[in-house]
Amino acid sequence: MLKTIQKLSFIKVFLIAFSFFSGYAFSNQISVKETTNTYLVNSGEGFSVYEVSGTDYQEYASRISRLARTPASPGDTQSLESVEWSEAAQAVTSLHTSTRAYVFENLVGVMNSDLPYAVKVDILDDYDVTPNSDLLSVNTGLIVIDENFALEAMKGSSSLLAVGGGSSTSTQSVNGDQTIRGLCKKRWHNRTKSDKLDITSLKKSADIKDNLTFTADTGIAGSINYSISYKYKTNRCTLKVPYKHSVTGFNAKGSLYSDNGKLRVQGTVIDTTNKFLYNESIKTFEKDLDFWVGPVRIVWFHELDLRARIRGGVKLEAEVDLNYNVSGKYEFDFVCEMEGENRCAEASKTVNTFQVDLSNPSVQAGVSVRARVQPEIAVIYKQGAGLYHKKLEVASLTLETALYSYAELWGYYGNSCGDGNYDGINETIGGIAIDAGVGVSAKYSWGVLGKDYDKPLKLKIIEGWVEVDVGAEDEDLFVMERSLFFKELVESDAFQPLITAPESIKSGNTQIKVAMRSCFPYTSNVTYKIEWGDGEVQEVTGSQGGLFVAHDFADYVSYPIRVTALKDSEGRDFRDLHSTREVFASPNGDITFNPGVLIAVLHSLL
């Protein structure tokens, strides 16, 4: 799709008939993003020419008639014309399978292009100049010409005459311009398109490597209202075929604000825990069965491979957040008059109070390390068929299962694991734990004519076992595990549950969220005990990543809510670690007392 350089991706409007204009700004040099079906074929001083064909042209042709039916802007007396030229526009696009889009920065570019001389003079005539005039001094705005429409409009083809009234259509000259039925000559039609962009956050993420991401969040939000003014020209009023387009103005009015910013690096730095340290066959069984189908020998084979394997390695995960102060606002009311003297050189009513302070940034960082060893016994069964020999395999089915034990040492240190005392500052914590247990993995695959397809073999989850996320490298493997031994070697608050709720909560039936700290290393469900502070105690089981729990809160009462992590679904015990967060309930969820309630309380004391 055609776009000019310095594009504003938020401008989602079509420029007249050119539906491939999805966003644009204005500069001294035109540069267009090319696609497979839209590409540069010619360029020079002040102009560029693009071939538009294939699916791009088909989309252009299908939308041009819909654009033709777009109601005119208020006050435009030619509202009926935008409907009348629809049939003629369809007639032109149906005659061709491609077109060329001429994009001009100025009239010098018009004269430098390879358009027919009559078309060039016709364009210059719109600005009351001739080829001998000082063309560079004429402010034109951005001019777009569809070659097909321009040529048809200049020559008055028979196909267009048929749309305008068939053989009964007559032509005559009016003020030197050829017209049909003498109704009117060529003229410009003014239009305006407007829209609004809401910005929730200006954020950008990029992958440094697999599973390691860098994110820059400016914290900037706000809204922008914008409008594009343009005009198009038709050569005959009865046909209404637009063959020239010009951007005449641009207006953007908005307000942006921010109160914080963040840079984050997060993800897996290294992971070798699934690497095979040992992988040897203990015993194999093979059996072949062959038969003939006509002159073709079919070999049907069975293979069973019993293997001893050891996986092991280290996984290092890290998170670093740099929080810096960004405050202020930016308000603007920017106006461009492309055909006037302004030329977008000045902005009006601009207010900029943005300040960025990097002198005292706050840093949150954490590192977790896993060292794992996993001996296993694997059974691999395969059956398949080959032509003349099993090595000439044409189809196969393979089942692979493994029973293993594991021992894992986990450690964490940092302050990116949450705020356990709810003072707004993450605590620095450290912890080391050892975990050991057993597991089962399974997958199946099939192959046809040299192409193999691997899929996880889903097994029924046994009570007390959990499905394990093995990551992208082994996404074709189903794994479930059961912890048999767990012990904290260095006790810490890394296994402490947290409460997510505002200080002021709405009374009535309202939810809070309970979850383990973000550095919690396991995927099993956790059983939480919630003491609501009003005498009610409740036990719930759910995701370690968090679950919402509802409670009835009375008006104007303070609740010291305490949540305790009892154990997870694999039986790990977390020493009854807990945290307490006090919330205040009111009808509107704020801390302002209702005066009527206060008076009632005072009366009760008299």
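A nonpolar core is a set of buried Ala, Val, Leu, Ile, Met, Phe, Trp, Tyr and Cys residues joined through side-chain atoms within 4.5 Å. The exercises below use this term and concern a predicted model.

**Exercise 1. The core**

Find how many residues the largest nonpolar core has, and which strand gives the most to it.

Solution.
- Step 1: The largest nonpolar core has 35 residues. Those with the most contacts inside it are Phe495, Ile512, Val514, Phe553 and Ile561.
- Step 2: Several strands each supply at least two residues of this core, among them S17, S18, strand S27 (547-553) and strand S29 (578-586).
- Step 3: Strand S28 gives the most to this core, namely four residues.

**Exercise 2. Ring pairs**

Classify the aromatic pair of Phe495 and Phe520, and state which parts of the chain it ties together.

Solution.
- Step 1: A pair of aromatic rings is described by the distance of the centres and the angle of the planes.
- Step 2: In the whole structure, a search finds 14 aromatic pairs. For Phe495 and Phe520, the distance is 5.9 Å centre to centre and the angle between the planes is 85°.
- Step 3: Planes over 60 degrees apart count as edge-to-face, and the pair of Phe495 and Phe520 is edge-to-face.
- Step 4: Phe495 lies in the loop between strand S21 (478-490) and strand S22 (497-500), while Phe520 lies in the loop between strand S24 (508-516) and strand S25 (526-531), so the pair ties together parts that are 25 residues apart in sequence.
- Step 5: Both Phe495 and Phe520 are buried.

Now treat Phe553 and Tyr559 in this way.

Solution.
- Step 1: The ring centres of Phe553 and Tyr559 are 4.9 Å apart and the planes stand at 85°, so this pair is edge-to-face.
- Step 2: Phe553 and Tyr559 are both buried.

**Exercise 3. A ring cluster and a charge**

Name the residues that ring pairs link into a cluster, and find which charged end sits over the ring of Tyr522.

Solution.
- Step 1: The cluster linked by ring pairs consists of Trp410, Phe486, Phe495, Phe520, Tyr522 and Phe574.
- Step 2: Over the ring of Tyr522 sits the charged end of Arg572, 3.7 Å from the ring centre.

**Exercise 4. Arg372 and its partners**

State what Arg372 meets through its side chain, and whether Arg372 is buried or exposed.

Solution.
- Step 1: Arg372 and Glu481 form a salt bridge through their side chains, at 2.6 Å from N to O.
- Step 2: Glu481 is in strand S21 and Arg372 in strand S16 (residues 355-387), so the pair ties together parts that are 109 residues apart in sequence.
- Step 3: Arg372 is buried, and Glu481 is buried too.
- Step 4: The charged end of Arg372 also sits over the ring of Tyr406, 4.5 Å from its centre.

**Exercise 5. A salt bridge with an exposed residue**

Decide whether Asp198 and its salt-bridge partner Lys196 are buried, partly exposed or exposed.

Solution.
- Step 1: Between Asp198 and Lys196, the closest N and O atoms are 3.8 Å apart. A salt bridge needs these atoms within 4 Å.
- Step 2: Exposed means over 50% relative accessible area. Asp198 has 53%, so it is exposed.
- Step 3: Lys196 has 47% relative accessibility and therefore counts as partly exposed.

**Exercise 6. The nonpolar patch**

List the residues of the nonpolar surface patch and locate Tyr453.

Solution.
- Step 1: Leu397, Leu399, Trp446, Val448, Leu449 and Tyr453 make a patch of about 540 Å².
- Step 2: Strand S17 (393-414) and strand S18 (429-448) each supply at least two of its residues.
- Step 3: Tyr453 is in strand S19 (residues 451-456). Its relative accessibility is 37%, so Tyr453 counts as partly exposed.

Technical notes: Residues numbered from 1 in each chain as written. Predicted model: local features only at pLDDT ≥ 70, side-chain atom pairs only at ≥ 80, totals over all residues. Heavy atoms only, no water. Patch = residues over 30% accessible without salt bridge, like charges linked within 9 Å, V, L, I, M, F, W, Y side chains within 5 Å. Areas by Shrake-Rupley, 256 points an atom, 1.4 Å probe, with all protein chains shown as cover. Buried < 20%, exposed > 50% of the residue type's maximum accessible area, 1.4 Å probe, protein only. Phe/Tyr/Trp six-rings, centres within 6.5 Å; stacked < 30°, edge-to-face > 60°. Lys NZ or Arg CZ within 6 Å of the ring centre and 35° of its normal.
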